[in-house]
Amino acid sequence: MAGIGIRAIRDTAGRFALFLLLLTAALAARAAERDWTLLVYLDGDNNLEPFALSDLEEMEAGHPGEGVEVLVLVDRAEGFTADWDDWTGARLYRIRPDRSLGLASELLEDYGEINMGDPAVLEAFVRDGLARFPAERTGLVFWNHGGGWSNLVNDDAAPGSPSGHDHLTLEELRSATRAGLDAVGATRLDLIGFDMCLMGQLETIEAVGGLGRFLVASQAIEPGDGWPWNRVVALLDGDLSTRDVATGTVDAFDAFYRARNEPVTTLAAYDLEAAPAVLEALDTVAGRLVRRADENWREVVRGLFYAESYNELGDVKRGRNALQSVDLRHALANVAEADQGLARDGDYRSLQAALDRLVLTSRNSAQHRLSSGVAIYAPFRADLYNPDYGATGLGAGNAWGRLLGAVHGAQASAPSVLEISSIQLWNDYRGQQVPDIVQLGQDGFLTQVRARNALRALWWLGERDAEGGLLLFDKDAGTFGGSSDFERTERPSRMEAVQAYAVPDGESEIYSRYDGTRLVVSNGRETGLATLDHSDIEARENGLYFVEVIYEHPDDGRYEGTLRFNWLWEADSLVLALPQQDGRFAYRSISPRPDAQIHLLADRYGRDGALRKIVSSTLTWGEGLSLTLELVEPGAYAALIGLEDLGGRSTFELREFDVSPRN
């Protein structure tokens with residue numbers, strides 16, 4: 001059986017020849033009986049290779065049979081799995097129904113190594129796949145790592161690329177898919193999907209808006225298993241409308257991961273015909289905010305910073321390559337709470353209504369309970385802004401991009417005051433100073449501050465190390481004008497929590513209780529010290545802790561990541577940041593191998609006044625990690641109090657103290 005034109009790219013120095021295969025009358029006659037053709041652009045040429053193979057088997061298991069074609073272009077990697085004769089190039093498969101182990105589908109073509117980050121490959125796959133298997137309804141799903149608008153379909157062995165690595169941009173994806181559709185006289189696809197992380201952004205929706213009728217994508221990190229493909233492919237049996245296939249995919253995904261108690265998932269289905277109204281309404285609302293940026297830039301910065309976020313710990317240290325993706329509706333709601341002019345604006349209400357029409361359904365796990373379905377790139381500081389964003393449709397053609405620029409400009413010229421005048425040891429119950437901190441007592445720290453244009457207050461606890469620096473084992477956020485913690489009977493609203501975290505201009509005080517204990521990380525046999533981060537609003541409200549780590553295993557590599565501990569103090573998710581050769585990052589949620597090494601990271605405050613990350617302990621994953629509470633030994637410790645302004649500048653003050661045993 002003939003291939004679909006992909007061999008031509010390899011034979012012409014990595015570029016596809018622009019031609020269509022001649023179709024036979026017999027094939028055209030058979031096409032009239034075909035209800036669905038689903039094209040899957042499956043780039044497993046990276047550390048996702050084992051999941052690529054398992055997903056192919058899932059597609060076979062769920063294939064409904066006659067009337068449905070699932071055509072998969074799959075590119076494999078070297079070194080991650082030796083299954084299926086360990087071939088490492090790209091192959092084209094026509095998926096056939098089969099429930100046995102191993103791949104039983106029809107191999108249409110073996111291309112050798114190709115570059116799936118080359119838009120010409122995508123164009124030919126769409127063009128020739130639809131020409132070869134025309135159908136009443138068509139779909140295209142992209143499968144790989146995702147890094148939001150900045151990179152997708154990362155190929156680690158990409159012939160023709162100077163670095164050997166390549167990826168698609170949203171503009172390349174849009175133009176290549178459009179060219180493939182135009183070549184076969186197709187107006188649009190019926191369904192577009194992204195089985196990858198972080199693609200449920202408005203930037204993605206804008207890019208594919210004219211290419212398809214419905215879209216399915218995730219705002220957050222996807223687990224490595226991705227979509228439950230046996231359940232998704234089964235939806236193509238012809239009895240469901242395309243809308244129901246899209247929403248059914250979301251429901252199947254949600255049910256699959258709820259059964260596994262997966263804590264960090266989102267997936268949404270979108271009606272792309274509603275996208276233009278959202279983009280127009282956002283342009284109007286953002287344009288009004290731009291015109292008032294000199295007055296309201298502080299509210300915008302705080303609204304973006306405290307919005308439902310899909311960033312992991314350590315995101316800001318990546319600078320211009322930081323993810324900085326937040327929930328659009330929630331970010332603007334934060335701004336509207338502080339800017340009543342926006343809250344009363346009819347255009348703002350029109351934007352909310354347009355978002356309601358865009359999002360057909362959105363399913364979220366507990367960690368992302370505030371997700372509404374549409375994320376957006378929202379760097380709250382100028383040093384986090386990636387100038388490549390200006391090449392996206394939203395960055396170049398919508399007032400949202402101008403709003404980011406206006407806010408960043410106001411940040412640069414705004415004066416700030418960050419002063420910590422005193423840190424007292426204080427017993428809040430008795431309302432008086434104390435000489436030391438008593439284990440399991442009611443003592444803490446009362447800090448006097450004076451601020452202007454401040455973003456937040458942070459405090460750490462730690463002890464001196466052998467070099468005289470301070471090794472920090474606890475990180476929390478200061479609160480103002482309310483309770484010092486959120487673990488109370490009556491749960492505050494999100495906005496009450498945001499207001500409590502906001503540092504007011506002028507003089508104020510922070511009270512932080514400390515009872516002489518600390519949490520350590522354990523694998524059941526040994527323990528390790530790390531900086532347990534409890535400073536995020538969601539962490540404070542839900543009893544969560546986060547730790548930055550380095551994950552290491554010979555078969556997987558060595559990557560930075562974020563380990564989450566749930567309210568039961570059990571590690572329930574690990575998300576890795578995967579650096580790409582161009583400096584960008586893709587993300588992956590993994591289940592660690594039992595023999596993997598987890599290098600725990602801690603903040604260290606040096607004698608030079610700088611905060612740095614160091615490896616503080618190393619544990620083997622084993623059956624999993626958990627937190628254990630222990631009393632600190634009586635002796636000398638220190639509290640580090642920090643103030644950060646809206647532009648990223650910080651100041652710190654140190655307070656030495658003693659912990660004494662309880663009588």
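**Figure 1. A hairpin joins β25 and β26, with Trp569 in the stretch between them.** This close-up, like the others here, comes from a predicted model. Between the two strands of this hairpin sit 5 residues, and Trp569 takes a positive phi near 65° there. Follow the chain onward and you reach β26, made of residues 571–579. β25 and β26 run antiparallel, and 6 bridges join them. Want one pair to look for? Gly561 stands opposite Leu576 in β26.

**Figure 2. β24 and β25 make a hairpin too.** Here the link between the strands is 3 residues. β24 covers residues 545–553, β25 covers residues 557–565, and the two run antiparallel. How many bridges join β24 to β25? There are 9 of them. One pair to pick out is Glu552 with its bridge partner in β25, Arg558.

**Figure 3. Nine strands line up in an open sheet.** Reading across, the order is β4-β3-β2-β1-β5-β8-β9-β10-β12, and the pairing is mixed. Which strands are at the edges? They are β4 (106–112) and β12 (359–364), and each of these pairs on one side only. Ignoring direction, neighbouring strands of this sheet are turned by 10° against each other on average.

**Figure 4. Helix α4 packs on the sheet.** The helix spans residues 119–132 and touches β1 (36–43), β2, β3, β5 (137–143) and β8 (189–195). Compare the direction of α4 with that of β1 and you get an angle of about 160°. Now zoom in on two of the strands that α4 touches, β2 and β3. β2 (residues 68–75) and β3 (residues 90–94) run antiparallel, with 5 bridges between them. Look for Asp75, which stands opposite Ala90 in β3.

**Figure 5. Helices α9 and α15 pack side by side, roughly parallel.** Two packed helices are described by the angle between their axes and the distance between the axes. For α9 (residues 275–291) and α15 (residues 399–413), the axes come within 8 Å and cross at roughly 25°. That angle is under the 35-degree cut-off, so α9 and α15 count as roughly parallel to each other. α9 passes α15 in a left-handed crossing. Which residues meet here? From α9 come Leu282, Asp283, Ala286, Gly287, Leu289 and Val290, while α15 brings Ala399, Trp400, Arg402, Leu403 and Ala406. Sorted by class, this contact has 8 nonpolar, 1 polar and 2 charged residues.

**Figure 6. Helices α10 and α11 meet at an oblique angle.** α10 and α11 (residues 328–338) pack at about 140°, and their axes are 8 Å apart. Why oblique, and not one of the other labels? Roughly antiparallel needs an angle over 145 degrees and roughly perpendicular covers 65 to 115, so α10 and α11 end up as oblique to each other. Their crossing is right-handed. On the α10 side the contact is made by Glu299, Val300, Gly303 and Leu304, and on the α11 side by Ala331, Asn334, Val335 and Ala338. By class, that gives 5 nonpolar, 2 polar and 1 charged residues.

**Figure 7. Gly314 sits in a loop after α10.** The loop runs between α10 (293–305) and β11 (325–327). Is Gly314 buried or exposed? Its relative accessibility is 14%, and the cut-off for buried is under 20%, so Gly314 counts as buried. Gly314 and Asn151 are 163 residues apart in sequence, and their C-alpha atoms are 19 Å apart in space.

**Figure 8. Leu168 is buried in strand β7.** This strand takes in residues 166–168. Leu168 has 0% relative accessibility, so it counts as buried. What is Leu168 in contact with, leaving aside its neighbours within four places in sequence? The list is Tyr41, Met116, Gly117, Asp118, Pro119, Leu122, Asn151, Leu152 and Val153. Leu168 and Asn154 are 14 residues apart in sequence and 7.1 Å apart in space, C-alpha to C-alpha.

**Figure 9. Thr204 is buried in helix α6.** The helix runs over residues 202–208. Thr204 has a relative accessible area of 0%, so it is buried. Leaving aside neighbours within four places in sequence, Thr204 is in contact with Leu170, Phe194 and Met199.

Notes. Residues are numbered from 1 along each chain as its sequence is written. This is a predicted model: local features need pLDDT of at least 70, side-chain atom pairs count only at pLDDT 80 or more; totals for chains, interfaces and linings use all residues. Side-chain values use heavy atoms; hydrogens and water are left out. Helices (H or I, at least four residues) and strands (E, at least two) are DSSP runs, numbered from the N terminus. Buried means under 20% relative accessible area, exposed over 50%, partly exposed in between (1.4 Å probe, protein chains only). Axes are lines fitted to C-alpha atoms, for helices over the stretch in contact, and angles run from 0 to 180 degrees between N-to-C directions. A crossing is left-handed if the near helix is turned anticlockwise from the far one by less than a right angle, and right-handed if clockwise. Contact means heavy atoms within 4.5 Å. Ala, Val, Leu, Ile, Met, Phe, Trp, Tyr, Cys and Pro count as nonpolar, Asp, Glu, Lys and Arg as charged, and the others, Gly among them, as polar. Two strands pair if DSSP finds at least two bridges between them.
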